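Work through the exercises below with the structure open beside you. Try each task before you read its solution.

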Amino acid sequence: MTDLHSHLRDRILTTLAGLGIDRAAAEPMVRLDPPKNRDHGDVALGAFQLAKLAGKAPPALATELAAMITSDAIVESAAAAGPFVNFRFRREALAREVLTAIQSDAVPYGKANQHGQTVCIDFSSPNIAKPFHIGHMRSTVIGNALCRIHRHQGATVHGINHLGDWGMPFAKMMTAYMRWGNEAELHKSPMRYMFDLYKRYSVEAKQNPALDDEAAKHFQALESGADNQERRMWQLLRDESLKAFQGPYARLGVTFDHITGESFFEDKMEAAMARVSASGVLEDSEGAQVVWLKELGIKEPCLLRKSDGTTLYHTRDLAAAFYRETTFHPDRILYVVGAEQKLHFDQLKGVLTKMKEPIAKAVEHVPFGLVLSKTDEGKWEKFASRSGNAVFLDEILDEAVAKVRSIIREKNPDLPNADEVAEQIGVSAIIFNDLKNSRIKDVKFDWESMLNFDGETGPYVQFACARLSSILRKVEVSVPDSDQIDFSLLADAERVLLTMMDFGTAVQRAAEQSEPSHVTGHMIALAGEIHSYLREHYVVGEAPAIQNARLVLVDAARRLLTTGLGLLGIAAPERM
RNA sequence: GCGCCCGUAGCUCAAUUGGAUAGAGCGCCAGACUACGAAUCUGGAGGUUGGAGGUUCAAUUCCUCCCGGGCGUACCA
């Protein structure tokens, strides 16, 4: 809430008290939201609940309030519209409040001080020994944005890459390599080579189920802890994959605080199992060890040990939860993992709940939709990496970058470091596209819309930044301190200013709901207002007082867009 | 079968968590570059919010049932 809001809120509460309405009772009912239509006013108050408290009809109370809240240094007007009261702030006060805060990097526009909350974010977590394709990108990009958003909000963040470097998928890879692989080929192009091996395994395992038994034996041997052929193989394949992942991560600008894959918990699983057992919830069932969760509304039991004695995904996640609890003391643990794994995380949380472990309440699955591709019949279907129609991330990024490069060649042929900028813009376009919609929505992957940079896209927002940077370059004077300008000259920038004022709410909602699209949406809105404003308002060469006032506005907009894009993991180039 | 998710303009999506006349982009049509960047801007057409009930002063939002699509459903992750 900004100072303007709290001032208005205080005046409303005082006025209500004058009408005999208890301040404490009214407090939660005074919600100041942006009105549906900004022409109505800057903020609106719905008088429905308050009217009940006052024993009056909502329109009557709204009229009364509007009449009693007279204008002051901050509030310009209050007008009743049916059961609503619409308020307008003085344009001067609005501009001063917003621009001064942005210029001084004050919260929420700038980073908040540490507020004591600790958030673990488990994201990306690819199955190594498989190529990094479009499907891996969602968790990576969403998780990265959440890390940045929470840091901005003042949380201590632990970004964790929980690599899938253990278990059956890895054992299958190993089996394929032992049968058909050779090291020279592997080193040439590790990702492609391993992907081909994996595909071959999948095909042959369908004909020959004995392959899966072989893989299970290899996994048993690996998990025995002995220094054997399997362990050396595991080390080799893991090293190669991890090296290969550095490429995509570097291009996407993603970093991790901890790379602790499933194998990291190899020596921590027995202790975890002992803890489950000691809590009395572990049961034997059909030769396996499970936890039943029927009383929590989950029919399927959570398997923690297979009948052959080996562990499962759940076992490792449980060990990881305990480890994170003692190491990081998190308030929240966010698992940025596809929606198809909802049951898995319900079970994980369920087991911890049944064990009466306090950490249970911190466990939060952050699900997201699938990446779909279009069939020849025009239907959308899941990308199947096995059938080989997977699109590799590098291919997509390269296409986007090439398209950007050709646009630059056409529109801005003299741009220095054009290749570098093309890389930034192209990669950003793909990231932005992934963060644009609610994460639960499936992403419909099609080249045409992916490579269209008109409208609500990353380049649209970046272009706004570039225009603003261009103005700041051309004006050839420095941006004045905000206390040196005449804010009343910015009355015509009200739409920009009101949009800027929503930044904090957008980021806060993104953090609370683990939903980066709130930030993305706000960036589109702000860029749109800027583009419109710049069309009709010039900066360079205006009368000094006007030029100075607009310079502060332009600078603030550029700062805010840069900050917002930064929260999404996207760069804001000065030229493009 | 059961559980969960999704269904809003031709297409892709919003709608500040129950509030005012449901908003954007793409595509389509018509306009705007001899002043700071046209990857832009300004207009226009386009809606029974899948359907039927219910709760409420108020429902795209909550409840029930149905329809359509998807995901999941104990020794994979």
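Buried means under 20% relative accessible area, exposed means over 50%, and partly exposed lies in between (1.4 Å probe, protein chains only). The model is predicted, so local features need pLDDT of at least 70 and side-chain atom pairs pLDDT 80 or more, while totals for chains, interfaces and linings use all residues. Residues are numbered from 1 along each chain as its sequence is written, chains are lettered from A and ligands numbered from 1 in the order in which they are written, and side-chain values use heavy atoms, without hydrogens and water.

**Exercise 1. Domains**

Find the domains of chain A and the distance between the centres of domain 1 and domain 2.

Solution. Start with the bounds, which come from an automatic or database domain assignment. Domain 1 covers 3–89, domain 2 covers 118–371 and domain 3 covers 393–567. Next, take the centres over C-alpha atoms: those of domain 1 and domain 2 are 52 Å apart.

**Exercise 2. A salt bridge at R9**

Which parts of the chain does the pair R9 and E27 tie together?

Solution. First, the rule: a salt bridge is a side-chain nitrogen of Lys or Arg within 4 Å of a carboxyl oxygen of Asp or Glu. The side chains of R9 and E27 meet in one, at 3.5 Å from N to O. R9 lies in helix 1 (residues 3–18) and E27 in the loop between helix 2 (23–26) and strand 1 (32–33), so the pair ties together parts that are 18 residues apart in sequence. Helices (H or I, at least four residues) and strands (E, at least two) are DSSP runs, numbered from the N terminus. Now check accessibility. R9 is buried at 17%, and E27 is partly exposed at 34%.

**Exercise 3. More salt bridges**

Describe the salt bridges R88 to E76 and E357 to R275.

Solution. Take R88 and E76 to begin with: their closest N and O atoms are 3.1 Å apart. R88 sits in strand 4 (residues 84–89) and E76 in strand 3 (residues 75–81), 12 residues apart. R88 is partly exposed at 29%. E76 is partly exposed at 30%.

Turn to E357 and R275, which meet at 3.0 Å, N to O. E357 lies in the loop between helix 14 (342–354) and strand 12 (363–366), and R275 in helix 12 (residues 269–278), so the pair ties together parts 82 residues apart in sequence. E357 is buried at 14%, whereas R275 is partly exposed at 31%. Shared partners also join D42, E76, R88, R91 and E494 into one network of salt bridges. The full count is 39 salt bridges.

**Exercise 4. The surface near RNA strand B**

How many residues surround RNA strand B, and which helix gives the most to the surface near the strand?

Solution. Count a residue as near if one of its heavy atoms lies within 4 Å of the strand. The count is 71, and the closest are R31, K306, S438, Q513 and H537. Sugar and phosphate make up 59% of the RNA strand B atoms that come within 4 Å of the protein. Helix 18 (residues 458–474) gives the most, with 8 residues.

Now look at individual atoms. A polar side-chain atom of D454 is 3.3 Å from a phosphate oxygen of RNA strand B. For S470, a side-chain N or O atom is 2.4 Å from a phosphate oxygen. R535 points to a base instead: one of its polar side-chain atoms lies 3.0 Å from a base oxygen.

**Exercise 5. Cysteines**

How many disulfides does the structure hold?

Solution. A disulfide is a pair of cysteine sulfur atoms within 2.5 Å. The structure holds 0. Test C147: the closest cysteine sulfur, in C120, is 9.9 Å from its own, too far for a bond. C147 is buried at 3%.

**Exercise 6. Backbone exceptions**

Where do K356, S514 and P108 lie?

Solution. Recall the background: most residues other than glycine have a negative phi, and most peptide bonds are trans. K356 has a positive phi, near 60°. K356 lies in the loop between helix 14 and strand 12 and is exposed at 73%. S514 also has a positive phi, near 50°. S514 lies in the loop between helix 20 (503–513) and helix 21 and is buried at 2%. Finally, a cis peptide bond joins V107 and P108, with omega about 5°. P108 lies in the loop between helix 5 (91–103) and strand 5 (118–122).

Definitions and conventions. Polar contact = N/O pair within 3.5 Å; in protein donor to acceptor, adjacent residues only side chain to side chain.
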